[in-house]
Amino acid sequence: MASTNVAVYPGSFDPITNGHIDLVKRTLRVFDRVIIAIAINPEKDHSLFSVDERLTMIREVFSGLGKRVKVDSFEGLLVDYAERIGAQVIVRGLRAISDFEYEFQMAMMNRGLKPNIETFFMMTGESYFYISSRLVKEVVGLGGDVSDLVPKNVLKRLKSKFTVRG
Ligand code: PNS
């Protein structure tokens, strides 16, 4: 039987925000290890950062946590990936109620595909309720300050992306 104390935390992470980081820390209170898995979907990829850039940024953020946090990417179905790496739990963050419908649909679909894999929802910390990668990109692109919303390494890369783009 696969280990139950490994959780997969999947997402686009374009880029990772303080909300995601909060969720990883919460996950580590419950699970021994967390695998942060960037989903690659070449067909509908409008990402600002390449998969390699995202992997690097997330690895930089969690470099102090050793083997408890692994960062990876995958193509194809999340449940197939989870099974392949021996994880029985998918972790997702819930911010406001607006997240619920989308998350509920995904969890049910994933359960239908692989009933042995459970989805755990964690509430994001109160300070992160309103953060999303999409809004962070929009605000930086329009010259706003997001220094409280993303780690320093991400802020630096975000700024250089938008400077290069003009
Ligand atoms: O951070 P996001 O973009 O909301 O994450 C969505 C993600 C990556 C978890 C979802 O799109 C996903 O699981 N993609 C992998 C492909 C897959 O399994 N799709 C069916 C999901 S029910």
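How far does a polar side-chain atom of Tyr 102 lie from an oxygen atom of the ligand? The legends below take up the ligand and then two residues of a predicted model, in which local features need pLDDT of at least 70, side-chain atom pairs count only at pLDDT 80 or more, and totals for chains, interfaces and linings use all residues. Residues are numbered from 1 along each chain as its sequence is written, and side-chain values use heavy atoms, with hydrogens and water left out.

**View 1. Polar contacts of the ligand.** The distance from a polar side-chain atom of Tyr 102 to an oxygen atom of the ligand is 3.2 Å, where a polar contact is a pair of N or O atoms within 3.5 Å and, within protein, one atom must be able to donate a hydrogen and the other to accept it, while residues adjacent in sequence count only if both atoms are side-chain atoms. Ser 12 also places a polar side-chain atom 2.5 Å from an oxygen atom of the ligand, whereas for Leu 78 a polar backbone atom lies 2.8 Å from a ligand oxygen. Of the 550 Å² of accessible area that the ligand has on its own, the protein covers 71% (Shrake-Rupley method, 1.4 Å probe).

**View 2. The shell around the ligand.** Among the residues around the ligand, each with a heavy atom within 4 Å of it, are Gly 11, Ala 39, Phe 74, Arg 92 and Asn 110. Helix α4 (residues 100-113) provides the largest share of this shell, 4 residues, helices being DSSP runs of H or I with at least four residues, numbered from the N terminus.

**View 3. Asn 153 in helix α6.** Asn 153 belongs to helix α6, which spans residues 152-165, and counts as buried because its relative accessibility is 18%, buried meaning under 20% relative accessible area with a 1.4 Å probe and protein chains only. Setting aside residues up to four places away in sequence, Asn 153 touches Met 57, Glu 60 and Val 61, with contact meaning heavy atoms within 4.5 Å. Its side chain reaches the backbone oxygen of Met 57 at 3.1 Å.

**View 4. His 20 in helix α1.** His 20 is found in helix α1, residues 18-30, and is classed as buried because its relative accessible area is 17%. A polar atom of the His 20 side chain lies 2.9 Å from the backbone nitrogen of Thr 17. Apart from neighbours within four places in sequence, His 20 is in contact with Tyr 9, Phe 13, Pro 15 and Ser 133.

Note on methods
Helices (H or I, at least four residues) and strands (E, at least two) are DSSP runs, numbered from the N terminus. Buried means under 20% relative accessible area, exposed over 50%, partly exposed in between (1.4 Å probe, protein chains only).
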